[in-house]
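Let's take a walk through this structure together. Have the sequence and the 3D view open, and follow along as we go.

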Amino acid sequence: MGMILKAIWSQLVTLYRVLLHTFTPTDTVSYPEEMPYLAPRYRGRIVLTRDPGGEERCVACNLCAVACPVDCIALQKTEDEHGRWYADFFRINFSRCVMCGLCEEACPTYAIQLTPDFEMCEYDRQNMVYEKEHLLISGQGKYPGYSFYHVAGKAIKDKDKGESLNEATPIDVRSLLP
Amino acid sequence: MVELVIYLVIFGTLFGSFAGAALLVWFERRLLGLWQDRLGPNRVGLFGAGLAIADIIKLFAKEDWIPPFADRFVFVFAPTAIVMAMLLGFAVVPFAPDIHVADLNIGLLFFLGMTSLAVYSVLLGGLASNNKYALLGGLRSAAQMVSYEVFMGLSLMGVVMQAGTFSLVDIVLWQADNIWFFIPQFIGFLIFLIAGIAESHRLPFDLPEAEHELVAGFHTEYSGMKFGMFMLGEYLGVILISSMIATIFFGGWLGPDFLPPIFWFFLKSFAFICFFILLRAAIPRPRYDQLMSFGWKYLLPLTLINLLATGAILLWA
Ligand code: SF4
Ligand code: SF4
């Protein structure tokens, strides 16, 4: 009997609490007229960013393509005359992308980043395939100031090994001097 | 002249209840949205009320498919039964002192009879679909409605004893002279409310359809306007039960003079319709055996005790 009364009481409390929601503001908004707030970390349209020097960050390591659970990233590596790696082409098929963000986590150079933009509907499926020129932006995205080649200890155009801020000069392993 | 008024009342009741049921589809979603901190449908027409019309157009435009394995005649007949039964139930509702389709001296029994007829619709629909989910839904509805029918009727007997009449108009008039029935018959009111929810198989007692376990229960195989009829019947049931609660326990059209009586009637019915929707927003569905044991083990004894106590007090007084 006590159990029944308790159950009935709990139902009444439920009713009362739900009724109180008459006075709480809605959590949703009328979307197309009113944009909801999207956090900066929201996982939407993918971009490729540049380093502070304005060069492409992507080194075509293929880690993002490997991490992608739906295999929607395709790219090909190429090199410039100074040995810096680039993506020859970089293609994301957004009709397959599930916006999981694993590519962003896998990327060692902060090149690939997800942005708070989800309005990318197309009538033609073919238009969902984004090439490198569509993906590349001119800014640094969420991680300003980071430049992979300036911490990686690799010689590129205007910088030799160990010349950058966080790099130590290379050790000549064949020398006997301390 | 008198005939014209009667026709007006009849057509008013008919179309009013249809329009009410259609609007309720929209209104329910808005209210659910309000209580779930959403916006709800707000696009078509004023506050989205055009949704009712859009819904009807959609239902009419859908393919009206009869499965080849179904029992054709019963399959087509079943959805009409619930609408007919519920509409006939509206015949005895007294909207205002002289606005009612019929003032039967057995009005209350007629209402109970009509709501019981509605169970055939659900049962036959489930049976004729020749589908296991539909059959299970039909079986459940048969058990649920037949058992809740018992206390639905018995819970009203206290009212009948006190008022000494089965006529709904006279019951309201008795309340005008004495006291609204929800005070002396509070237990009867509670039981009628619960039984009414079960009778119109609304949440939380919507076990016949229970979309989480039975696909869509008894109307799994229905589409188009046949499905629409089931929906219509369900919403008509909600309006009917609400107006019955208002009539029997809350004095029907009675109320302070500054508003016309019919307005008071609609206000009270509307409050109970909102309560029905609140139940849907708040309370989860019980398990099937819980529903049955709650009915037979608790509600039935409570109803009988209420009945005995009412009888004893009436004899003693
Ligand atoms: S967000 Fe996920 S699915 Fe989309 S490209 Fe990156 S890894 Fe692939
Ligand atoms: S985007 Fe990042 S992970 Fe993908 S290839 Fe370029 S550097 Fe590698």
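A quick definition to get going: the expected span of a helix is 1.5 Å times one less than its number of residues. Keep in mind, too, that what you're looking at is a predicted model. Now try the rule on helix H3 of chain B, which covers residues 72-90. With 19 residues at 1.5 Å a residue, H3(B) should span 27 Å, and its end C-alpha atoms sit 29 Å apart, so the two values agree. H3(B) does have a kink of about 30 degrees at Ala78(B), and the proline Pro79(B) comes shortly after that point. Both Ala78(B) and Pro79(B) are buried, and so is a list of other H3(B) residues including Val74(B), Phe75(B), Met86(B), Leu87(B) and Phe90(B).

Just ahead of that helix, look at the loop between helix H2 (51-61) and H3 of chain B, where you'll find Ile66(B). Is Ile66(B) buried or exposed? Its relative accessibility is 17%, and the cut-off for buried is under 20%, so Ile66(B) counts as buried. Along the chain, Ile66(B) is 65 residues away from Asn131(B), and their C-alpha atoms are separated by 13 Å.

Next up is H7(B), where the same arithmetic can be tried. The 14 residues of H7(B) should span 20 Å at 1.5 Å a residue; the end C-alpha atoms are 19 Å apart, which agrees. What about its surroundings? Of the 14 residues in H7(B), 10 are buried, so this helix is largely enclosed by the rest of the structure. Among those buried residues are Phe189(B), Ile191(B), Phe192(B) and Leu193(B), and the list also includes Glu199(B).

Then there's H10(B), with 29 residues. From its first C-alpha to its last, H10(B) reaches 41 Å, close to the 42 Å expected at 1.5 Å a residue. This helix bends as well: the angle is about 35 degrees at Leu299(B), and the proline Pro301(B) follows within four residues. Leu299(B) is one of the buried residues of H10(B), along with others including Leu291(B), Met292(B), Thr303(B) and Asn306(B).

While you're in chain B, stop at Leu236(B), which sits in helix H8 (residues 224-249). At 0% relative accessibility, Leu236(B) counts as buried. Leu236(B) lies 96 residues from Arg140(B) in sequence and 21 Å from it in space, C-alpha to C-alpha.

Two of the helices we've just met turn up again at the largest pocket, which has a volume of about 1,200 Å³. The pocket is lined by 36 residues, and the ones nearest its centre are Ala7(A), Ile8(A), Gln11(A), Ile194(B) and Phe294(B). The elements giving two or more residues to this lining are helix H1 (2-20) of chain A, plus helix H7 (186-199), helix H9 (261-282) and helix H10 (288-316) of chain B. Which of them gives the most? That's H10(B), with 10 residues. By class, the lining has 31 nonpolar, three polar and two charged residues.

Now move over to the ligands and chain A. The shell of ligand 1 includes Cys68(A), Cys72(A), Cys97(A), Cys100(A) and Cys103(A), with Ile46(A), Pro69(A) and Gly101(A) also among its members. That shell splits into 11 nonpolar, one polar and no charged residues. Ligand 2 has 14 residues around it, of which Cys58(A), Cys61(A), Asn62(A), Cys64(A) and Cys107(A) come nearest. Its shell has 12 nonpolar, two polar and no charged residues.

Asn62(A) deserves a second look. Most residues other than glycine have a negative phi. Asn62(A), though, has a positive phi, near 75 degrees. You'll find Asn62(A) in the loop between strand E1 (46-48) and helix H2 (63-67) of chain A, and its relative accessible area of 31% makes it partly exposed.

Tyr110(A) also has a positive phi, near 55 degrees. Tyr110(A) is in the loop between H3 and E4 of chain A, and at 31% relative accessibility it counts as partly exposed. Ala111(A) is found in the loop between helix H3 (102-106) and strand E4 (112-114) of chain A. Ala111(A) has 1% relative accessibility, so it counts as buried. Finally, Ala111(A) and Asp51(A) are 60 residues apart in sequence, while their C-alpha atoms are 8.2 Å apart in space.

Methods. Residues numbered from 1 in each chain as written. Chains lettered and ligands numbered in written order. Predicted model: local features only at pLDDT ≥ 70, side-chain atom pairs only at ≥ 80, totals over all residues. Heavy atoms only, no water. Near = heavy atom within 4 Å. Nonpolar A, V, L, I, M, F, W, Y, C, P; charged D, E, K, R; others polar. 1 Å grid on protein atoms, 1.4 Å probe; cavity = no way out; pocket = protein on both sides within 12 Å on 5 of 7 lines; lining within 4 Å. Points joined across faces, edges and corners; volume = space filled by probe spheres on them. Bend = angle between axes of the 7 residues up to and from the residue. Buried < 20%, exposed > 50% of the residue type's maximum accessible area, 1.4 Å probe, protein only.
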